Amino acid sequence: MASPVHLKLLSWRRLFHHPPLQTLIPSVSRSINHSPSSSPSDEPYDPPFSPVRKTLTTPNKNHKKHVSTPSKSLTPDGVPVRSDLPFDFRYSYSETDPSVAPIGFREPPRFSPFGPGRLDRRWNGVSAPVEGGVGGAAGDRDSVLGEPLTEDEVEELVERFRWNDCARQINLGKGGVTHNLLDDIHNHWKRAEAVRIKCLGVPTLDMDNICFHLEDKTGGKVIFRQCNIILLYRGRNYDPKKRPAIPLMLWKPRAPIYPRLVKNVIDGLTEEETKELRNRGLNSLALMKLSRNGVYVNVVEKVREAFTTDEVVRLDCMHVEMSDCKKIGVKLRDLVPCVPILFKDNQIILWRGRRGHEDLVSQSDS
């Protein structure tokens, strides 16, 4: 039997007892739906996701349709352009040797970098040889150049084009005198008598070779040369409307595979002598430190002078790509001359060969 205290507590709980939430929700919703101020017809239509209105796009009257223009390598009739230039088309004229035949190709030779059906010459993987002889090239060049410039005219052109802020400048990189560079030179010659060419990288080892190919391939005349800066003059009788047809290369062809530059055992030496020379070169002090895309106009002279006292020379090419290191070794082999015996860790080791001391002194003096 419950005591009076327990009965008093139970009565207190009944006073503050609340009905469950589930019983309150229907009553509240019923009171809202049956309120006198709201009716189903007055409620606005408000779906959870409103439809996006589709705006009608009106055609722009000022928009011009793209009209495809014929390429420079095709005539308006779609016929391949015929070029009368009397030399074989190559990617680079100054950095390749036509006398060295490749032993393989990295891409099929049938794919011409000029594009399919855009050139009347056939691409053989290295070049597009000229078909038939083209005569009168030397006579045409002399007629375009006209009379030689006087000293005052040369000074005036040099003063206009030799500065760094010259607008008529072309940068010549490690590709050397490339095929598309010829078209750039003629484009500058439309509005200027001369063009400034700034050379950087591996081609600067032999600036005479660059000047020769620029004059031979463009028909111009080098009127100024200082370190790695060249001014190329177009000629007195140059007519931009009669410029030669130069089909452009659409992409850079992959370099062919040539014979190995450095053998395991150098010709004329034994295996032990070859290892001794390579170790001596790696442990010797570096003659020069070559930078990436630098100016190497004085490298050949310094290597020749070093060979008068040392048998092995090391060149530090830490920031130069390995492909450029091998190109430098090939050029030094022909220009010094010398024998590259090792390319390792961006270091070039050169051996002077079996030549005598008197021959080296005579070459350095000349």
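## The loop between H9 and E9

Pro 337 sits in the loop that runs from helix H9 (322-335) to strand E9 (339-344). In this predicted model, the peptide bond between Val 336 and Pro 337 is cis, with an omega of about -10°. Most peptide bonds are trans, and most residues other than glycine have a negative phi.

## The loop between E9 and E10

Asp 345 belongs to the loop between E9 and strand E10 (347-351). Its phi is positive, about 55°, although Asp 345 is not a glycine. Asn 346 is found in the loop between E9 and E10 as well. For Asn 346, phi is near 55°, again a positive value in a residue other than glycine.

Which of these loop residues is buried, and which is exposed? Asp 345 has a relative accessible area of 55%, and because exposed means over 50%, Asp 345 counts as exposed. Asn 346 has a relative accessible area of 19%; the cut-off for buried is under 20%, so Asn 346 counts as buried.

## The chain as a whole

The protein chain contains 10 helices and 10 strands. It has 366 residues, of which 34% count as buried. The area exposed by the chain is about 24,200 Å², and carbon and sulfur atoms supply 53% of that area.

Contacts can also be sorted by separation in sequence. Taking contacts between residues at least 6 apart in sequence, 74% join residues at least 24 apart.

## Helix H5 and its surroundings

Helix H5 covers residues 179-189. Of its 11 residues, 8 are buried, so H5 is largely enclosed by the rest of the structure. The buried residues are His 179, Leu 181, Leu 182, Asp 183, Ile 185, His 186, His 188 and Trp 189.

What do the buried residues of H5 pack against? Their partners are four strands and a helix: strand E1 (89-90), strand E3 (169-172), strand E4 (194-199), strand E6 (229-233) and helix H6.

## The crossing of H5 and H6

Two packed helices are described by the angle between their axes and the distance between the axes. The axis of H5 comes within 11 Å of the axis of helix H6 (residues 207-218), and the two cross at roughly 70°. Because an angle of 65 to 115 degrees counts as roughly perpendicular, H5 is roughly perpendicular to H6. The crossing of the two helices is right-handed.

From H5, the residues that make the contact are Leu 182, Ile 185, His 186 and Trp 189; from H6, they are Leu 214, Lys 217 and Thr 218. By type, the residues of this contact divide into 4 nonpolar, 2 polar and 1 charged. Leu 182, Ile 185, His 186 and Trp 189 also appear among the buried residues of H5.

## Phe 87

Where is Phe 87 found? Phe 87 lies in the loop between helix H2 (21-33) and E1. Its relative accessible area is 10%, so Phe 87 is buried.

Not counting residues up to four places away in sequence, Phe 87 touches Tyr 93, Arg 121, Val 130, Leu 182 and Lys 217. Of these, Leu 182 and Lys 217 also take part in the contact of H5 with H6. Phe 87 and Glu 131 are 44 residues apart along the chain, and their C-alpha atoms are separated by 9.6 Å.

## Arg 162

Arg 162 is placed in the loop between helix H4 (151-161) and E3. With a relative accessible area of 29%, Arg 162 is partly exposed.

Setting aside neighbours within four places in sequence, Arg 162 is in contact with Arg 196, Phe 224 and Leu 231. The C-alpha atoms of Arg 162 and Gln 226 are separated by 9.4 Å, while the two residues are 64 residues apart along the chain.

## Lys 302

Lys 302 is part of helix H8 (residues 299-307). A relative accessible area of 37% makes Lys 302 partly exposed.

Which residues is Lys 302 in contact with, leaving aside its neighbours within four places in sequence? They are Leu 287 and Met 288. Between Lys 302 and Leu 287 the C-alpha to C-alpha distance is 8.2 Å, and the two are 15 residues apart in sequence.

Conventions: Residues numbered from 1 in each chain as written. Predicted model: local features only at pLDDT ≥ 70, side-chain atom pairs only at ≥ 80, totals over all residues. Heavy atoms only, no water. Axes fitted to C-alpha atoms, helices over the stretch in contact; angles between N-to-C directions. Parallel < 35°, antiparallel > 145°, perpendicular 65-115°, else oblique. Left-handed = near helix turned anticlockwise from the far one by under 90°. Contact = heavy atoms within 4.5 Å. Nonpolar A, V, L, I, M, F, W, Y, C, P; charged D, E, K, R; others polar. Buried < 20%, exposed > 50% of the residue type's maximum accessible area, 1.4 Å probe, protein only. Areas by Shrake-Rupley, 256 points an atom, 1.4 Å probe, with all protein chains shown as cover.
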